[in-house]
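I opened a fresh page for this one and wrote things down as I looked them up. Here are my notes, entry by entry.

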Amino acid sequence: MKNLRTRNLAITAIFVAILLIQTFAPNIGYIRILPTLPAITTIPLTIAVYSSLLGYKKGTEFGLLWGITRLIVAYVQPGDLVSLLLFRNVFISLIPSIVAGLVPGVISKLKSKISSPIVYLLAGAFTSLANTFFVILLTTLFYFNNSKALLQALNSQNSNNSLFVILILALGFSGLVEMIFTAIATSVIVLPLKRVLERNI
């Protein structure tokens, strides 16, 4: 049991270091393609792998840490106006990140019913999907009656679509890229790591 706790602590320390590097080193965790839109982020992969390895409780805590770093970045080094408007809101920063940490740990419990590669593929996909969906949903709720600045940042102030649809259109491409990348990479990374860790318990 002591060895297990030590192992998990070491894994956590490594993943915290990776998260901090992704957060604060340019173009590692947040890759900017279009300067007016939020970056494509590789951090959901880190969240998905960690939660799949250590379970949904630890994953939720790790997701909270991501949310806190997201909030800090929005204040100290926002890369675009949309991210500044969205992620300075504590709920938009924290809730999607926490849910993203919870989801892969829950899905990974299905491995006894479904072959592991498929489980981890789903875990990665739904980590990214949960993050994107909750960002869009919470942004719609918080900006429903005060969306002028956000619509201007998205260059959609003359659109007749609802804010929810505009956000899906604006964030859909980056969200889709993130989901495909996270799904494939999670299934490739977690399975061999899991086998190594289980042999060394």
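**Entry 1: α3 against α5**

I started with a helix pair, and the first thing I noted is that α3 passes α5 in a right-handed crossing. I should say right away that I am working from a predicted model.

How are two packed helices described? By the angle between their axes and the distance between the axes. So I looked up both values: α3 (residues 56–76) and α5 (residues 90–108) pack at about 155°, and their axes lie 7 Å apart. An angle over 145 degrees counts as roughly antiparallel, so that is what α3 and α5 are to each other.

Next I listed who meets whom. From α3 the list includes Tyr56, Gly59, Gly63, Trp66 and Arg70. On the α5 side I found, among them, Val90, Ile92, Pro96, Gly101 and Val106. Sorted by class, this contact has 13 nonpolar, eight polar and one charged residues.

**Entry 2: Pro96, from that contact**

I picked Pro96 for a closer look; this residue sits in helix α5. Is Pro96 buried or exposed? Pro96 is buried, with a relative accessible area of 0%.

Leaving out neighbours within four places in sequence, I get contacts of Pro96 with Arg70, Phe91, Asn131, Phe134, Val135 and Leu138. I also checked a pair in space: Pro96 and Phe133 are 37 residues apart in sequence, and their C-alpha atoms are 7.9 Å apart.

**Entry 3: the whole chain**

Time to step back. I count eight helices and two strands in the chain. Read along the sequence, they follow the pattern α-β-β-α-α-α-α-α-α-α.

The chain has 201 residues, and 46% of them count as buried. I also looked up contact range: among contacts between residues at least 6 apart in sequence, 70% join residues at least 24 apart.

**Entry 4: the cores**

In soluble globular proteins, nonpolar side chains tend to be buried together. With that in mind I went looking for cores.

Which residues touch the most other members of the largest nonpolar core? They are Phe15, Leu53 and Trp66, out of 26 residues in that core. The elements that give two or more residues to this core are α1 (2–24), α2 (43–54), α3, α5, α6 (116–142) and α8 (163–199). Of these, α2 gives the most, with seven residues.

There is also a second, separate core, which has 14 residues and includes Ala74, Leu85, Leu163 and Leu171.

I went back to Leu53. Setting aside neighbours within four places in sequence, Leu53 is in contact with Phe15, Val190, Leu193, Lys194 and Leu197.

**Entry 5: α2 against α8**

Several of those names took me to another helix pair. I find α2 and α8 packed at an angle of about 35°, with axes 9 Å apart. Their crossing is right-handed.

On the α2 side, Pro44, Leu45, Ala48, Val49, Ser52 and Leu53 take part. They meet residues of α8 including Phe181, Ala185, Ile189, Val190, Leu193 and Leu197. By class I have 11 nonpolar, three polar and one charged residues in this contact.

**Entry 6: Leu197**

Leu197 is in helix α8. I looked up its exposure: a relative accessible area of 17%, which makes Leu197 buried, since the cut-off is under 20%.

What does Leu197 touch, not counting residues up to four places away in sequence? I have Arg7, Ile11 and Leu53. Another pair I noted is Leu197 and Asn8, which are 189 residues apart in sequence but 9.9 Å apart in space, C-alpha to C-alpha.

**Entry 7: Thr139**

Thr139 is a residue of helix α6. Its relative accessible area is 1%, so I put Thr139 down as buried. Apart from residues up to four places away in sequence, Thr139 touches Leu86, Ile92, Phe144, Leu150, Leu163 and Leu167.

**Entry 8: Asn27**

My last stop was a loop. Where is Asn27? Asn27 lies in the loop between α1 and β1 (30–31). Asn27 is exposed, with a relative accessible area of 53%. I also noted its phi, near 55°, a positive value in a residue other than glycine.

Note on methods:
Residues numbered from 1 in each chain as written. Predicted model: local features only at pLDDT ≥ 70, side-chain atom pairs only at ≥ 80, totals over all residues. Heavy atoms only, no water. Axes fitted to C-alpha atoms, helices over the stretch in contact; angles between N-to-C directions. Helix = DSSP H or I, 4+ residues; strand = E, 2+ residues; numbered from the N terminus. Parallel < 35°, antiparallel > 145°, perpendicular 65-115°, else oblique. Left-handed = near helix turned anticlockwise from the far one by under 90°. Contact = heavy atoms within 4.5 Å. Nonpolar A, V, L, I, M, F, W, Y, C, P; charged D, E, K, R; others polar. Core = buried A, V, L, I, M, F, W, Y, C linked by side-chain atoms within 4.5 Å. Buried < 20%, exposed > 50% of the residue type's maximum accessible area, 1.4 Å probe, protein only.
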